[in-house]
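Colleague: I'd like to learn how to read a model like this one, feature by feature. Can you take me through it?

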Amino acid sequence: MREMKVILVVVFFLIMVIFGRELWSAEKEKKGSPENGRILYNKLKCSHCHRIGDVGGNVGPDLTKEGTKKRGIEWQVKNLIDSASTHPKHPNPYMPKFDKMTDKMLLDLATYLESQK
Ligand code: HEC
């Protein structure tokens, strides 16, 4: 009878561990979609001013290696909303303020930018 209890407790803990792991990975999947971000980047004509690879203008910085600059998602979102806030030393008014987008759109765009390596 006692063994039965021990087995039940062990099974209970195993279930908790497996279930907990799944919750954990579901949580991690909440990050943005780089694919949606790419679509937004094209729709919003970011390439008028920015280059990625061989495509785009040179009014703003080249974004081909943006993901290697260690800016981070939060910085990218902030920059999209107001690039003067992330470039206090040399604010450049040509970068539009993308402050009418939903949080999800900002996150997707930021994720796309961070995936440029
Ligand atoms: C009219 C021109 C223009 C458009 C359109 C534009 N940008 Fe910019 N962007 C700039 C300029 C100029 C800067 C430099 C800002 C500064 O140094 O203060 C900049 C800066 C940036 C940076 C910072 C790069 C870095 O690491 O310092 C990112 C990222 C960026 N833009 C992304 C975008 C995205 C994404 C879009 C489209 C949603 C976009 N930009 C649309 C002109 C533009």
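Modeller: Sure. Let's begin with a pair of helices: helix 2 and helix 5 are roughly perpendicular to each other. Keep in mind that this is a predicted model.

Colleague: How do you describe a pair like that?

Modeller: In general, two packed helices are described by the angle between their axes and the distance between the axes. Here, the axes of helix 2 (residues 34–43) and helix 5 cross at roughly 95° and come within 7 Å.

Colleague: Which residues in helix 2 and helix 5 meet?

Modeller: On the helix 2 side you have Pro34, Asn36, Gly37, Arg38, Leu40 and Tyr41, and on the helix 5 side Met105, Asp108, Leu109, Thr111 and Tyr112. By character, the residues of this contact divide into six nonpolar, three polar and two charged.

Colleague: Now helix 3. Which of its residues are buried?

Modeller: The general idea comes from the helix itself: an α-helix has 3.6 residues a turn, so residues three or four places apart point the same way. In helix 3 (residues 73–81), the buried ones are Gln76, Val77 and Leu80. They sit on the same side of helix 3, because they cover an arc of only 100° around the axis.

Colleague: What do the buried residues of helix 3 pack against?

Modeller: Helix 5 (103–114). So helix 5 turns up again, having already met helix 2.

Colleague: Let's zoom out. How many helices and strands are there in the protein chain?

Modeller: Five helices and two strands. Reading from the N terminus, the order is α-α-β-β-α-α-α. The radius of gyration is 22 Å, well over the 13 Å that the globule rule gives for 117 residues, so the protein chain is more spread out than a compact globule. You can also look at the C-alpha trace, which spans about 75 × 30 × 25 Å along its principal axes. As for burial, 16% of the 117 residues count as buried.

Colleague: And how would you read contacts along the sequence?

Modeller: Look at how far apart the partners are. Among contacts between residues at least 6 apart in sequence, 61% join residues at least 24 apart.

Colleague: Can we try a single residue? Where is threonine 64?

Modeller: Threonine 64 is in the loop between strand 2 (55–56) and helix 3. It counts as partly exposed, because it has 16 C-beta neighbours inside 10 Å. Setting aside neighbours within four places in sequence, threonine 64 is in contact with Arg51, Ile52, Gly53 and Gln116. Lysine 117 is 53 residues from threonine 64 in sequence, yet their C-alpha atoms are 6.8 Å apart.

Technical notes
Residues are numbered from 1 along each chain as its sequence is written. This is a predicted model: local features need pLDDT of at least 70, side-chain atom pairs count only at pLDDT 80 or more; totals for chains, interfaces and linings use all residues. A residue is buried if 20 or more other C-beta atoms lie within 10 Å of its own, exposed if 12 or fewer, and partly exposed in between; C-beta atoms are placed from the backbone. Helices (H or I, at least four residues) and strands (E, at least two) are DSSP runs, numbered from the N terminus. The arc is that of the directions from the helix axis to the C-beta atoms. Two residues are in contact if their C-beta atoms, placed from the backbone, lie within 7 Å. The radius of gyration is taken over C-alpha atoms; the globule rule is 2.2 Å times the number of residues to the power 0.38. Axes are lines fitted to C-alpha atoms, for helices over the stretch in contact, and angles run from 0 to 180 degrees between N-to-C directions. Angles under 35 degrees count as roughly parallel, over 145 as roughly antiparallel, 65 to 115 as roughly perpendicular and the rest as oblique. Ala, Val, Leu, Ile, Met, Phe, Trp, Tyr, Cys and Pro count as nonpolar, Asp, Glu, Lys and Arg as charged, and the others, Gly among them, as polar.
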